[in-house]
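This report describes one protein structure for a reader who meets it here for the first time. Please keep the sequence and the model in view while reading.

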Amino acid sequence: FMGLFRVLNINFNGKATRHLVKDTHGTGFLTVNKRAYGDFATLNQLVGAISCTPLPTGWPVLASHPVPDPSTAVGPIDPPTIRDAVNVAAEPTTASAVADDDELPAWLHGPMEKAASTDTLTQGCGGTIEHGAFLVRERIDHADEFVLCVGFQKGDAPSKATHHHVTSRAEDGVFVINKKVFGEPRTTLAGLIEQLMAPVAGWPVVLGRVIPVSSSGGAQPLSRGDSIRSIMGSGRPKP
């Protein structure tokens with residue numbers, strides 16, 4: 001990470017603020033404006049930590065509503081852009097190099113039962129499920145299949161956890177939710193999740209707060225080999 005840096009843009013008290021993120025001291029851990037808020041070796045870990053409560057000591061604002069890159073909202077997405085969209089480290093960029101645990105998206109959890117994922121979502125939100133808060137879990141005993149667990153509020157009723165089956169179609173590799181395509185066809189899970197972080201026709205809730213494994217007690221993801229490509233690949237729509 002030496003020599004590499006990113007800028008975190010975040011709304012604070014109604015104003016756009018910018019914060020330099022890099023390995024300032026050459027320790028392998030990221031700092032924000034030269035200050036350490038924890039032992040975060042990747043952007044995935046850092047953003048996951050500031051996206052849920054309790055916040056790291058000294059960090060002032062909850063990163064609750066990710067803003068996707070408008071240039072990738074429609075049409076093909078290049079691999080580096082997908083990596084940025086799921087908040088992972090910039091290097092290395094080869095497909096085989098993203099199979100390590102700390103390179104997986106913060107929202108990706110391992111195999112869990114429905115009830116356990118509801119509990120994890122609730123715990124990650126501090127006890128009360130928020131509309132748009134989400135995680136993605138691997139299905140138990142179903143390779144390359146996932147479940148999107150997301151808080152949804154209807155009317156004045158409290159938000160509750162909803163669960164949606166996510167898989168890729170055998171004929172074209174396009175990821176579908178409950179057997180339906182939402183938005184532009186995406187052939188990676190990362191591309192699909194990124195797209196749902198903005199309004200999509202027919203999909204009822206914009207994905208907001210990420211519930212990461214590290215702060216919620218969820219199961220560690222088991223995805224390896226071909227599975228990792230379905231998560232972190234190019235996200236390029238099929239012709």
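The protein chain contains six helices and eight strands, where helices (H or I, at least four residues) and strands (E, at least two) are DSSP runs, numbered from the N terminus. Read from the N terminus, the order of elements is β-β-β-α-α-β-α-β-β-β-β-α-α-α. This is a predicted model, in which local features need pLDDT of at least 70 and side-chain atom pairs count only at pLDDT 80 or more, while totals for chains, interfaces and linings use all residues. Residues are numbered from 1 along each chain as its sequence is written, and side-chain values use heavy atoms, with hydrogens and water left out.

**Burial and surface**

Of the 239 residues in the protein chain, 46% are buried; buried means under 20% relative accessible area, exposed over 50%, and partly exposed in between (1.4 Å probe, protein chains only). The accessible surface of the protein chain is about 11800 Å², and carbon and sulfur atoms account for 54% of that surface. These areas come from the Shrake-Rupley method with a 1.4 Å probe, and for residues only the protein chains shown count as cover. Contact means heavy atoms within 4.5 Å. Among contacts in the protein chain with a separation of 6 or more, 53% are between residues 24 or more positions apart.

**Nonpolar cores**

In soluble globular proteins, nonpolar side chains tend to be buried together. A nonpolar core is here a set of buried Ala, Val, Leu, Ile, Met, Phe, Trp, Tyr and Cys residues joined through side-chain atoms within 4.5 Å. The largest such core has 24 residues, and W107, F134, L148, L189, I193, W203 and L207 have the most contacts inside it. Two or more residues of this core come from each of β5, β6 (146-152), β8 (175-177) and α4. The largest share, four residues, is that of α4. A second core, separate from this one, has 14 residues, including I10, V21, L43 and L46.

**Strand β6 and its neighbours**

Strand β6 is largely enclosed by the rest of the structure, because six of its seven residues are buried. Strands β5 and β6 pair in the antiparallel sense over five bridges; two strands pair if DSSP finds at least two bridges between them. In this pairing, L148 of β6 is the bridge partner of V136. Strand β6 also runs antiparallel to β7 (residues 160-168), to which seven bridges join it. Here G151 stands opposite A161 in β7.

**Strand β3**

Which residues does T31 touch, not counting those up to four places away in sequence? T31, which lies in strand β3 (residues 31-32), touches L20, V21, K22, T24, H25 and A36. T31 counts as buried, at 3% relative accessibility.

**Salt bridges**

Side chains of opposite charge can pair when their charged atoms come close. A salt bridge is a side-chain nitrogen of Lys or Arg within 4 Å of a carboxyl oxygen of Asp or Glu. A search of the whole structure finds four salt bridges, including those in the table.

| Pair | Closest N to O distance |
|---|---|
| E130 and R209 | 3.1 Å |
| R139 and E145 | 2.7 Å |
| R169 and D172 | 2.6 Å |

Why does the pair of E130 and R209 tie together parts that are 79 residues apart in sequence? E130 lies in the loop between α3 (114-124) and β5 (134-138), and R209 lies in the loop between α4 (189-195) and α5 (213-216), so their pairing ties those parts together. E130 is partly exposed at 28% relative accessibility, whereas R209 is buried at 4%.

In the pair of R139 and E145, R139 is partly exposed, with a relative accessible area of 27%, and E145 is buried, with 19%. R169, with a relative accessible area of 29%, is partly exposed. R169, E171 and D172 are joined into one network by salt bridges that share partners.

**Cysteines**

How many disulfides does the structure hold? There are zero disulfides, a disulfide being a pair of cysteine sulfur atoms within 2.5 Å. C125 is buried, with a relative accessible area of 8%. C149 is in no disulfide, and the nearest cysteine sulfur, that of C125, lies 9.2 Å away. C149 is likewise buried, at 0% relative accessibility.
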